Amino acid sequence: MLCNFSDRFKNVKYLNKGAFRKAFTFGKDNQCVIKLPHFSEDRNHNLNEAITWKSLPKDVKKHFVPVLDYDNEGRWLIMPRVKSLELSNEKRIKIQGKVMNDIKRKGIWCEDVHILNVGTDNHNRPVILDYGLGCREATDSDFVIKPSRIFDDYDFSKLDFFGKH
């Protein structure tokens, strides 16, 4: 297994944080990510991600970073690491549009897909790396993403929701 939970304390490095969770890399060459909730009430984001991964149709899973392991109470969740923050804003905007349009065509809508929650896997395929708010069946009122240049000058790598870690 690429990301073995027993390796979770080996070579741990802070990666990033969002509104509900912090992410750390670990394991050989930091190929794995463990997501930890900020507070106990944020555990549901790990559980949502795990349940969503399990329930996705096979033909849609290629657009999502797989959940490899998780705690049944949501205290942690493990995924392989993908490229994201090292990608340009323009590249992430294109990835966002592509994955959202592709999964909507398959009848799936995810609530929190934005340019900080997308990246590319080891095969350079566009993927959603954070789907902790869950996904649902798409409806006609869900809009199709059109890649925009509105954020071209914004440096998302400096975005920090809760101050210094």
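1. Asp59 and Lys106 pair up in a salt bridge, with 3.4 Å between the closest N and O atoms; the term stands for a side-chain nitrogen of Lys or Arg within 4 Å of a carboxyl oxygen of Asp or Glu. Asp59 sits in helix H2 (residues 58–61) and Lys106 in the loop between H3 and S6, so this contact ties together parts that are 47 residues apart in sequence. Both ends are partly exposed: Asp59 has a relative accessible area of 39%, and Lys106 comes to 41%. For the cut-offs, buried is under 20% relative accessible area, exposed is over 50%, and partly exposed is in between (1.4 Å probe, protein chains only). Helices (H or I, at least four residues) and strands (E, at least two) are DSSP runs, numbered from the N terminus.

2. A word on the basis of all this: the model is predicted, local features need pLDDT of at least 70, side-chain atom pairs count only at pLDDT 80 or more, and totals for chains, interfaces and linings use all residues. Residues are numbered from 1 along each chain as its sequence is written, and side-chain values use heavy atoms, with hydrogens and water left out.

3. How many salt bridges does a search of the whole structure find? The search gives 12. Two of them lie within helix H3, and you may like to look at them side by side. Lys94 and Glu90 meet at 3.5 Å, N to O, and they are four residues apart in H3, about one turn of the helix. Lys94, at 47% relative accessibility, is partly exposed, and so is Glu90, at 35%.

4. The other H3 pair is Asp102 with Lys98, whose closest N and O atoms are 2.7 Å apart. These two are also four residues apart in the helix, about one turn. Here the burial is mixed: Asp102 is buried at 15% relative accessible area, whereas Lys98 is partly exposed at 42%.

5. There is a network to check as well: salt bridges link Arg21, Lys35, Glu49 and Asp130.

6. Now for the cysteines. The whole structure holds one disulfide, counted as a pair of cysteine sulfur atoms within 2.5 Å. The partners are Cys110 and Cys135, with their sulfur atoms 2.0 Å apart, and the link is right-handed, with 90 degrees about the S-S bond. Cys110 belongs to strand S6 and Cys135 to strand S9 (residues 135–137), so the pair joins parts 25 residues apart in sequence. Cys110 is buried, at 2% relative accessible area, while Cys135 is partly exposed, at 24%.

7. Cys110 also leads into the largest nonpolar core, which has 25 residues. Such a core is a set of buried Ala, Val, Leu, Ile, Met, Phe, Trp, Tyr and Cys residues joined through side-chain atoms within 4.5 Å. Which members touch the most others? They are Phe64, Val67, Ile103, Cys110, Val113, Ile128 and Tyr131. At least two residues each come from helix H1 (43–55), strand S5 (77–80), helix H3 (89–105), strand S6 (108–110) and strand S8 (126–128). H3 contributes the most, with four.

8. Ile103 is worth a click. Leaving out residues up to four places away in sequence, Ile103 touches Val60, His63, Phe64, Ile108, Cys110 and Ile128, where contact means heavy atoms within 4.5 Å. Apart from the largest core lies another, of seven residues, including Phe24, Phe26, Ile34 and Ile78.
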